[in-house]
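Biologist: I've got the model open and want to walk through its packing with you. Shall we take it piece by piece?

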Amino acid sequence: MKKLLLIMLAGLFAFAAGCSEKTETAEKNEDGSTAIRIVMKDENPSNPASVAYFEALEKGLKNDENLNVKFELVEMPQGNYAEKLNLLLLSGDIPDIIYFQGGDQQIADQDLLEDLTPHIEKSKYLKDSLEPWNEKRLENYPYLLWVKPLSQKTPVIRGDWFEKMKLSKALVADPTIDNYYNFFKELKTNPPGGAGKPAYAFTAAGDLEELNAIFNMSFGITSSWLNSGGQFEYYKVSNQEKEKLAFYQKLYKEGLLDPGYITKEWDTKEKAFYDGEAGVIVGTAGKVIDIYNGKMMQTNGENTGVKVLPPAKGEGQGFGAADVTKEARGVAISSQSEKKELAFKILDYLASPKGQMIDRLGFEGEHYEVTDGKIDLTSTYYEQWFARFWEPSEFKPEMPLKKPLLGKTAEESLNMVNEFYKEDNLFILPEEYIANWDAMENLYKEYATDIITGKRPLEDFDGFVKEWNAAGGKEITEYANKQLK
């Protein structure tokens, strides 16, 4: 009987092993590679640049780490990426590696995202690549990773216009709210481009966040929750916000703020800048500023490279407090994937010296040349290339760089952001408050837009505060005071 039982158990184990072997074999492609499905904004199988990048990454993984991987890029429909991605994931189609640009929390709340903490702890490269804000965000929310410079936004103006303006030096020396207003006024009333260009001093992509990057702190909005006499209140219902909206209303009324800013997308905003319709726009410090600089010179000539402007100065100064509750965007791994370890090895490789050569520098012959034992970055690199994944501050390529990764203007923007770095006091809201919070944010957008455009008088702000509190603001403010004290 014992022999029969042992034979049966042995057979059962053999059957299980056979099934396991079949499952593993089924995951392999005909060439022996393992398929990794990945979804990223703007990276589609129909995009030749995307295909070339991931083919280069496949080659690097095989040569450097002996990982035989075949990436399958998920084609995403046009439209709001966060919304389209959530529709995909909630349908049950969950790729192995997922790039989020919002909308990740409801997916994480369903336990569909992998906790990255244990993977990072045993990583070869990533654990040493994290910036202080990455570490704090991972402690609070361990599902998203985005090793990049601080994503604060900095204002820029076309360089030759800046040099022509009378008030440029005064603005840089003392960027008060009044000096910014006068600078914007000069752009409109005495346009340095001639023939009415620019038509307005400032434009943005659809909301106030880009204008806030310049002015929030100068109006005393130095954190999301302001301490007022020992009690915290949300900045959007504060007197400081009311004063700021009055200033924005003035900019709009005088034609200094683009009347079409509400409907503009990022591409039409940038086109207005390159075409000379807008005098000042903001972009994320670092590489984005490099791209603005390159495209401006490509469009208007070598002497037109952009100039970074300082944040406005008043009760405070800076480009806004940095949120350390979680990454606002980043890369996640599906907790449902059977290839989690492999997926993380790919992310870890991208932080290695060889992985960084691919991700940071692009393709030899197009984005850089090797001359005299040095890497010489081309104009195409500065105008077009961006790292899809990581940009740790410490980057030591195998050969020295003939020119720095970032141009002088982009480097200046990062230095400014780091100079004014301040952590925010935001916290992650419990699920029970999220629906109300979204409604309250929409209420704010409605009132703020109407006040700025003159559809409502400034006095209606007080009515907004009452509606905001009645819509859930009172309860959330009470919760915030318990969290922040």
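Biologist: Leaving aside neighbours within four places in sequence, which residues is Phe-389 in contact with?

Modeller: This is a predicted model, so bear in mind that local features need pLDDT of at least 70, side-chain atom pairs count only at pLDDT 80 or more, and totals for chains, interfaces and linings use all residues. Residues are numbered from 1 along each chain as its sequence is written, and side-chain values use heavy atoms, with hydrogens and water left out. Contact means heavy atoms within 4.5 Å. On that basis Phe-389 touches Ile-38, Met-40, Tyr-53, Phe-54, Trp-146, Val-147, Lys-148, Val-331, Leu-347, Leu-350 and Asp-359.

Biologist: Which helix gives the most residues to the core that Phe-389 sits in?

Modeller: A nonpolar core is a set of buried Ala, Val, Leu, Ile, Met, Phe, Trp, Tyr and Cys residues joined through side-chain atoms within 4.5 Å; buried is under 20% relative accessible area, exposed over 50%, partly exposed in between (1.4 Å probe, protein chains only). The largest one here has 61 residues, and Phe-389 and Trp-390 touch the most other members. Helices (H or I, at least four residues) and strands (E, at least two) are DSSP runs, numbered from the N terminus. With six residues, the top contributor is helix 14 (residues 340-349).

Biologist: What is the strand order in the open sheet of four strands, and which strands are at its edges?

Modeller: Two strands pair if DSSP finds at least two bridges between them. The pairing in this sheet is mixed, and the order is 2-1-3-10. Pairing on one side only, the edge strands are strand 2 (69-73) and strand 10 (330-333).

Biologist: In strand 3, what is the bridge partner of Val-39?

Modeller: Strand 1 (residues 34-39) and strand 3 (residues 97-100) run parallel, joined by two bridges. Val-39's partner in strand 3 is Ile-98.

Biologist: Why do the buried residues of helix 3 end up on the same side?

Modeller: Helix 3 (residues 81-90) lies across strand 1 and strand 3. Its buried residues are Tyr-81, Ala-82, Leu-85, Asn-86, Leu-88 and Leu-89, while Glu-83 and Leu-87 are exposed on the other side. The buried ones share a side because, going by directions from the helix axis to the C-beta atoms, they cover an arc of only 160 degrees.

Biologist: Which residue caps the N-terminal end of helix 3?

Modeller: Look for a side-chain oxygen 3.1 Å from the backbone nitrogen of Ala-82. That oxygen belongs to Asn-80.

Notes:
Axes fitted to C-alpha atoms, helices over the stretch in contact; angles between N-to-C directions. Polar contact = N/O pair within 3.5 Å; in protein donor to acceptor, adjacent residues only side chain to side chain.
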